[in-house]
Amino acid sequence: MDEIRKILEAYKAGVFTLEEAAASLADDRGDTCHLGFANLDLQRQERCGFPEVVYCAGKTTEQSVKILAFLMARYDNVIGTRADQAVYEGIKPTVPTACYDATARMVYQHKDRTVFNGERTIAVITAGTSDIPVAEEAALTATIMGNKVERIYDVGVAGLHRLLARREDICRANVNIVVAGMEGALASVVGGLVSKPVIAVPTSIGYGANFHGLSALLAMLNSCAAGVSVVNIDNGFGAGRMAAMINGMR
């Protein structure tokens, strides 16, 4: 009943057209929900452990708002990545529990704050301050998915004493996400210090020969440290999701 009420409230507020609201109500018990421009997967949480995540870049503000409004009516925890302020402003009147993190560029709802993995910590480590936006996307993703997250920022290889000062925290973590641009060397260094998985995230931070993150990506792929896996350039969400899955394994 609560989901039906929220869909009707979204229609009343102008978020959904009459046809979209009717389709949402008709598909509420089905496998998918057709919004005309989007076909939402309503079994993602049952199959994969978390509802469908919305990539807002490339969508219009109206499309992102309608998708997120439907998902937030149905699920406690919902994530929209690469979202701008306009998406948040569009959804907030209808979904007052929606939040926005400008650094991570995420619109999200985090109603269920259960920490599923106890003291198993995910450490999110950056080489520099400029890598923090991608790191925050990873950290916030892992947090919303029910994990304890520790941030260890600006400890790049240009000053190894900064990293070594946090060695105890890094080694204690169950999974380490390492976010670095420039030459991407930090992932290999961390990989040589720990006995747990390292998820390396190359960022597009760097001067011309960085090739918008390609040099960091190749360096991480060629790491000589065992146990280092690599996600795509600037893909903080992918790293946060992978870390959450690893952290939840028994």
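Reader: How many helices and strands does the chain have?
Author: Quick caveat: this is a predicted model, where local features need pLDDT of at least 70, side-chain atom pairs count only at pLDDT 80 or more, and totals for chains, interfaces and linings use all residues. Residues are numbered from 1 along each chain as its sequence is written, and side-chain values use heavy atoms, with hydrogens and water left out. Helices (H or I, at least four residues) and strands (E, at least two) are DSSP runs numbered from the N terminus. On that basis, the chain has eleven helices and eleven strands.

Reader: In what order do the four strands of the open sheet sit?
Author: Two strands pair if DSSP finds at least two bridges between them. The pairing in this sheet is mixed, and its edges, strand 3 (54-55) and strand 5 (99-101), each pair on one side only. The order is 3-4-6-5.

Reader: Which residue in strand 6 does Tyr100 stand opposite?
Author: Strand 5 pairs with strand 6 (residues 106-110) over three bridges, in the antiparallel sense. There, Tyr100 faces Val107.

Reader: What angle does helix 4 make with strand 4?
Author: Axes are lines fitted to C-alpha atoms, for helices over the stretch in contact (heavy atoms within 4.5 Å). Angles run from 0 to 180 degrees between N-to-C directions. Helix 4 (residues 61-74) lies across strand 3, strand 4 (77-81) and strand 6, and its angle to strand 4 is about 165°.

Reader: And what share of the residues is buried?
Author: Buried means under 20% relative accessible area, with a 1.4 Å probe and protein chains only. Of the 250 residues in the chain, the buried share is 48%.

Notes: Buried < 20%, exposed > 50% of the residue type's maximum accessible area, 1.4 Å probe, protein only.
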